[in-house]
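Q: Got a minute to go through a model with me? I'd like to poke at it bit by bit.

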Amino acid sequence: MKKINPYSLLVTAIIIIIVLYELKWSSLYPNLSLSIIAFFIITILSLLIMNSILTRSLKDRIDKPLYSYKKYYGYIVILVVIGTILDGIYSHGYPLLGDLKYGEDFGVPFLHVLTSIAASFVAYMLAMILTFEEKFNIKVFILLFITVLCLLLPFSRLIIILTVLNYIWSLIYIRMKENKFTLKNSIILIILTCVGLYSFGILGNYRLNVQTNNNTRKATDSTLIYQIGVPSQSFTDSKIPAAYFWDYIYLTSSIGNLQNIVNYSEPSSTDLKKFVVTQFLPDTISKKIYSNYSDEVKLNTFQYQITSSLNVGTIFYEPYYLFGWIGIYLMLMFLLIFPMIYLLLIQNIDSKYFIYGLSILNTIYLLALFDNMFTLSVLSLQLFIPLISKLFKKNKNF
């Protein structure tokens, strides 16, 4: 907990992504301004201060979590299967099977969100059981296989990555508590990360091929992402496999978009309610209140994007669009305060749910330089699961 928490992860992410950005492996990227550089320096220092306060304020968990199969996991898998089938019927097919293009609306409105949340949660729990139970449980393995299939059919790489990240944080945390996270484990994790990043690029090629009806093009062919991201000569001359350009573009393009909107845009609103609702609430809620907000942002900010296909701009992009630098610093204040409050709220619950909540928060903060994950319902709503577990803490079957 003391070494791996939302604050330390965000600091690490900022440093790594800024360094990668400055490599300028894409010809599209603008130079970072002094105001952006100063903001990130202030952010890093503030996060380090909050990290120090958190490690002193929050007790370190010493009880080892127990992971065992519960009947309701099976019921959740059944609901996930039913939800996935209904999504497929509603959308007349699945993106993974090429029945509809990636990026098109998929699934039954709202039900698809609940199905994704349930699938992510139960996949995580089943994976933890397989990892930490002494005996291999074939029933758990089969249920996990079915759940993973349901996660793959919508072909949303994001929800898959979020689920895997939640599992990785928990695994690292428990192994570190057991003093079993060795140098060998670190090397294995680095190798798996490299394989995962390469796979992300290959899946990206495949998805883009399907989306543009280039089904004859091989998944190892990165021509299309090269056309989108315009790699620099230094990247093309390097021996880095082309598939990794997907990772580079996804990790760093949001900084370029943020810089562009700061360079060329003026705040569009002084409506504090709109700012709070659209920036701090899950999108399933905010869309009910401001149904046209997403279209508004796309319409008014597309000209600030480094390219139309790369439309994210970090967690600070929309706050600047709405409130300028005031919006950016309001978001920073939220990022500084939220983990402290949330982790104090869940610190006395069952260890496995505390670790689960911490892992979700880690994922949200690690990806903050990609987009605002607090508004992503399939992830942010999972923060309520540890709180809900408090209601069932006396039930041994939960």
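Q: Let's jump straight in: is D350 buried, exposed or partly exposed?
A: D350 is partly exposed, with a relative accessible area of 41%. Keep in mind that this is a predicted model.

Q: OK, and which side chain does D350 meet in a salt bridge?
A: That would be K352, at 3.8 Å from N to O.

Q: And K352, buried or exposed?
A: K352 counts as buried, since its relative accessibility is 5% and the cut-off for buried is under 20%.

Q: How many salt bridges does the structure hold?
A: Two. Besides the K352 and D350 pair, E296 forms one with K274, and there the closest N and O atoms are 2.8 Å apart.

Q: Which parts does the E296 and K274 pair tie together?
A: E296 lies in helix α13 and K274 in helix α11, so the bridge links parts that are 22 residues apart in sequence. As for cover, E296 is partly exposed at 23% relative accessible area, while K274 counts as buried at 13%.

Q: Stay on α13 for a sec. Which of its residues are buried?
A: Helix α13 covers residues 293-301, and Y293, V297 and T301 are buried there. They sit on the same side of α13, because they cover an arc of only 45° around the axis.

Q: Why would residues with that kind of spacing point the same way?
A: An α-helix has 3.6 residues a turn, so residues three or four places apart point the same way.

Q: What do the buried residues of α13 pack against?
A: Three helices: α10 (244-264), α11 (272-280) and α14 (317-323).

Q: Let's zoom out. How many helices and strands does the chain have?
A: 18 helices and zero strands. The radius of gyration is 21 Å, close to the 21 Å that the globule rule gives for 398 residues, so the chain is as compact as a globular protein of that length.

Q: What are the spans along the principal axes?
A: The C-alpha trace spans about 55 × 55 × 50 Å.

Q: How much of the chain is buried, and what's the accessible surface?
A: Buried residues make up 51% of the 398. The accessible surface comes to about 19,500 Å², and 66% of that belongs to carbon and sulfur atoms.

Q: Of the contacts between residues at least 6 apart in sequence, what share joins residues at least 24 apart?
A: 76%.

Q: Back to α10. What's up with G256, buried or exposed?
A: G256 is in helix α10 and is buried, with a relative accessible area of 0%. Leaving out residues up to four places away in sequence, G256 touches Y21, P30 and I306.

Q: Which residues does N260 touch?
A: With that sequence limit again, N260 touches P30, S265, Y304, Q305 and I306. N260 also lies in helix α10 and counts as buried at 12% relative accessibility.

Q: Now the N-terminal end. Where is A13, and what does it touch?
A: A13 lies in helix α1 (residues 6-22). Not counting residues up to four places away in sequence, A13 touches L366 and L369. A13 counts as buried, at 7% relative accessibility.

Q: New topic: backbone oddities. Which residue has a positive phi of about 60°?
A: H92, and it is not a glycine. H92 is found in the loop between α3 and α4 (111-132), and H92 is exposed, with a relative accessible area of 69%.

Q: And what about V230, where does that one lie?
A: V230 lies in the loop between α8 (223-229) and α9 (233-237). Phi of V230 is near 50°, again a positive value in a residue other than glycine. V230 is partly exposed, at 32% relative accessible area.

Q: Last one: which residues make the nonpolar surface patch?
A: Y75, I78, L79, I82, I85, L86 and I89, giving a patch of about 710 Å². One of them, I78, is found in helix α3 (residues 71-91) and is partly exposed, with a relative accessible area of 49%.

Terms used. Residues are numbered from 1 along each chain as its sequence is written. This is a predicted model: local features need pLDDT of at least 70, side-chain atom pairs count only at pLDDT 80 or more; totals for chains, interfaces and linings use all residues. Side-chain values use heavy atoms; hydrogens and water are left out. Patches are made of residues with over 30% relative accessible area and no salt bridge: like charges are joined within 9 Å, nonpolar side chains (Val, Leu, Ile, Met, Phe, Trp, Tyr) within 5 Å. Accessible areas come from the Shrake-Rupley method with a 1.4 Å probe; for residues, only the protein chains shown count as cover. A salt bridge is a side-chain nitrogen of Lys or Arg within 4 Å of a carboxyl oxygen of Asp or Glu. Helices (H or I, at least four residues) and strands (E, at least two) are DSSP runs, numbered from the N terminus. Buried means under 20% relative accessible area, exposed over 50%, partly exposed in between (1.4 Å probe, protein chains only). The radius of gyration is taken over C-alpha atoms; the globule rule is 2.2 Å times the number of residues to the power 0.38. Contact means heavy atoms within 4.5 Å. The arc is that of the directions from the helix axis to the C-beta atoms.
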